[in-house]
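Here is a short briefing on one protein chain. Keep the structure open while reading the points below.

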Amino acid sequence: MNWNGITVGFALTGSHCTLEEIMPQIQRFIDAGASVVPIVSQSVLTTDTRFGKAVDWQKQLKDITGSDPITTIVEAEPLGPSKKLDVMVIAPCTGNTTSKLANAMTESPVLMAAKAQMRNHRPLVLAISTNDGLGLNSANIAKLLVTKNIYFVPFGQDAPEAKPNSLVARMDLISETCEAALNGKQLQPMIIERFQYS
């Protein structure tokens, strides 16, 4: 797909082990001609982990997109009235973010941007990464599955023996899912075999 003239909101939340996998997907949008507006949660903004330092993730985001990430609710709020985003992605989308979105909570820049996108009846794409997807959070995922203008990057169990409730999206399908979402379609199959048997 030619992404020239299309603006993608790309929000990152605190599944820190997944961030390295996400950065090349953002680069794919840039390489295809899209304009990318980065948005980060408080966790991504402030938390250093064994997977990397917060400041380094922010620098990488800016280097790829050419823009400072949106980091506050105040900065995210104008995305609604401006109708700036053609499509928005939350990747990785944690169980915490999934839960709050499903229950109409707006306490972070990512959720504010998501609610702005929904207000404008424009596609919101979720790439889940949660250890609780088949636990208590399954109810929240189910609510979002039937919500208009929300689409899911195909997902499956990533470690069924060690973490039987864990669900993770195929991050390499983010662009394809967004393309389908812009056409009002859910990329299929949505539930996939994520775990590879040895």
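A residue counts as buried when its relative accessible area is under 20%, as exposed when it is over 50%, and as partly exposed in between. By that rule, buried residues make up 51% of the 198 residues in the protein chain. The model is a predicted one. It has nine helices and seven strands.

**Overall shape**

- The radius of gyration is 15 Å, which agrees with the value near 16 Å for a compact globule of 198 residues.
- Along the principal axes, the C-alpha atoms fill a box of roughly 45 × 35 × 35 Å.
- Take the contacts in the chain with a separation of 6 or more: 78% of them join residues 24 or more positions apart.

**Strand β4 and its partners**

- Strand β4 spans residues 124-130, and seven of its seven residues are buried.
- In a regular strand, side chains alternate between the two faces of the sheet.
- In β4 both faces are covered. One side carries Leu-124, Leu-126, Ile-128 and Thr-130, and the other carries Val-125, Ala-127 and Ser-129.
- Which strands pair with β4 in the parallel sense? Strand β3 (residues 87-93) does so over four bridges. Strand β5 (residues 150-152) also runs parallel to β4, joined to it by three bridges.
- Strand β7 (residues 167-169) pairs with β4 in the antiparallel sense, over two bridges.
- Specific positions can be picked out on each partner. Val-125 of β4 is the bridge partner of Val-89. Leu-126 stands opposite Phe-152 in β5. Thr-130 stands opposite Leu-167 in β7.
- Helix α8 (residues 138-145) joins β4 and β5 in a right-handed β-α-β unit.

**Asn-131, just after β4**

- Asn-131 sits in the loop between β4 and α8.
- Is Asn-131 buried or exposed? Its relative accessibility is 54%, so Asn-131 counts as exposed.
- Leaving out residues up to four places away in sequence, Asn-131 touches Lys-163, Asn-165 and Ser-166.
- Two of these contacts are polar and run side chain to side chain. The one with Lys-163 is 3.2 Å. The one with Ser-166 is 3.5 Å.
- Ala-162 is 31 residues from Asn-131 in sequence, and their C-alpha atoms are 10 Å apart.

**Aromatic pairs and helix α1**

- The structure holds three aromatic pairs.
- In one of them, the ring centres of Trp-3 and Phe-29 are 5.0 Å apart. Their planes meet at 85°, so the pair is edge-to-face.
- What does this pair tie together? Trp-3 lies in the segment before β1 (7-12) and Phe-29 in helix α1, so the pair links parts that are 26 residues apart in sequence.
- Both Trp-3 and Phe-29 are buried.
- Phe-10 joins Trp-3 and Phe-29 in one aromatic cluster.
- Helix α1 covers residues 19-31 and also holds Pro-24.
- Pro-24 is partly exposed, with a relative accessible area of 44%.
- Pro-24 and Ala-180 are 156 residues apart along the chain, and their C-alpha atoms are separated by 20 Å.

**His-16, between β1 and α1**

- His-16 lies in the loop between β1 and α1.
- His-16 has a relative accessible area of 11%, so this residue falls on the buried side of the cut-off.
- Its side chain makes a polar contact of 2.9 Å with the side chain of Ser-43.
- With neighbours within four places in sequence set aside, His-16 is in contact with Ser-43, Val-44, Thr-47, Thr-49 and Phe-51.

**Helix α7**

- How many residues of helix α7 (residues 109-119) are buried? The count is eight of the 11, so the helix is largely enclosed by the rest of the structure.
- The buried residues of α7 are Pro-109, Val-110, Leu-111, Met-112, Ala-113, Ala-114, Ala-116 and Gln-117.
- His-121 follows α7 and has a positive phi, near 55°.

Methods
Residues are numbered from 1 along each chain as its sequence is written. This is a predicted model: local features need pLDDT of at least 70, side-chain atom pairs count only at pLDDT 80 or more; totals for chains, interfaces and linings use all residues. Side-chain values use heavy atoms; hydrogens and water are left out. Buried means under 20% relative accessible area, exposed over 50%, partly exposed in between (1.4 Å probe, protein chains only). Rings of Phe, Tyr and Trp (its six-membered ring) pair if their centres lie within 6.5 Å; planes under 30 degrees apart count as stacked, over 60 as edge-to-face and the rest as tilted. Two strands pair if DSSP finds at least two bridges between them. A crossover is right-handed if, with the strands pointing away from the viewer, the path from the first strand over the helix to the second runs clockwise. A polar contact is a pair of N or O atoms within 3.5 Å; within protein, one must be able to donate a hydrogen and the other to accept it, and residues adjacent in sequence count only if both atoms are side-chain atoms. Contact means heavy atoms within 4.5 Å. The radius of gyration is taken over C-alpha atoms; the globule rule is 2.2 Å times the number of residues to the power 0.38.
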